[in-house]
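This report describes the protein shown below, from its overall build down to a few single residues.

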Amino acid sequence: MSTPFQLVLLSAPTAQPDEPRILTELLAQGLGRLHLRKPDWTAAQLEALIQALPSQVYPRLVLHGHPQLVQQYRLGGLHLTGSQRAAAQRRPRLLPGQTLSTSFHSLAKINQHRRRYNYVFLSPIFNSLSKVGYAGNFDLGELRRFFHAQAARPGYHPPVLALGGIEAHNISLVQQVGFAGAAVLGAVWQSADPVAAFLALRGS
């Protein structure tokens, strides 16, 4: 039985108007996993945002960094940045059921890593909507062959989610080549109505 295609949303990297209400609405509309990524925020700022969200959605929140908050609020998981991944000597201590994820930018890096992740992001698949000049770097045929070989390989291999330039018109392509899911950012947060944009992606 195949695993359902997973749609993940990354928060905007900066504060957004009425952000707690919008995030709560997105989660109420069926968003299964929300990555809170605020690279310039302090732990106190992130904690205030977490506290502004309903506690029943905490198991669906993944925090980029700050493992102490992940444990304290019993969030869904921890995402390691590249620098955090390089600095970590061992797997971060997490509670049962909490996930560990990270991001890679090449197929070789996915094959080379040794730490076990519950899933990983691969980017940029298409030209980024949120980062100027961040161009897509992958051939879809090469990706299809990679996932076919990965599926035939015995042992551990993490589910890979596509990141970078994912929109309603191309999300089906990443599913067709073999990605386990897609992570979106610009397509939602550059829209005048983030909730409607998310629903369009989910329905496409």
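Helices (H or I, at least four residues) and strands (E, at least two) are DSSP runs, numbered from the N terminus. This is a predicted model, in which local features need pLDDT of at least 70 and side-chain atom pairs count only at pLDDT 80 or more, while totals for chains, interfaces and linings use all residues. Residues are numbered from 1 along each chain as its sequence is written, and side-chain values use heavy atoms, with hydrogens and water left out.

**The whole protein**

The protein contains nine helices and eight strands. Its radius of gyration, taken over C-alpha atoms, is 16 Å, close to the 17 Å that the globule rule gives for 204 residues, so the protein is as compact as a globular protein of that length. The globule rule is 2.2 Å times the number of residues to the power 0.38. The C-alpha trace spans about 45 × 40 × 35 Å along the principal axes. Of the 204 residues, 46% count as buried. Buried means under 20% relative accessible area, exposed means over 50%, and partly exposed lies in between (1.4 Å probe, protein chains only).

**Helix α9**

In helix α9 (residues 194-203), the buried residues are P194, V195, A197, F198 and L201. These residues cover an arc of only 160° around the axis, which puts them on the same side of α9. The arc is that of the directions from the helix axis to the C-beta atoms. Their cover includes β1 (6-10), α1 (19-28), α7 (171-177), β8 (181-184) and α8 (186-189).

**Unusual backbone**

Most residues other than glycine have a negative phi, and most peptide bonds are trans. Two residues that are not glycine have a positive phi here, as the table shows.

| Residue | Phi | Loop between | Relative accessibility |
|---|---|---|---|
| H66 | about 60° | β3 (61-64) and α3 (67-72) | 23%, partly exposed |
| R74 | about 50° | α3 and β4 (77-80) | 59%, exposed |

Which bond joins S123 and P124? The two are joined by a cis peptide bond, with omega about -10°. S123 is placed in the loop between β6 (119-122) and α6 (140-152), and P124 is in the loop between β6 and α6 as well. At 2% relative accessibility, S123 counts as buried. Leaving aside neighbours within four places in sequence, S123 is in contact (heavy atoms within 4.5 Å) with F104, H105, Y134, F138 and L163.
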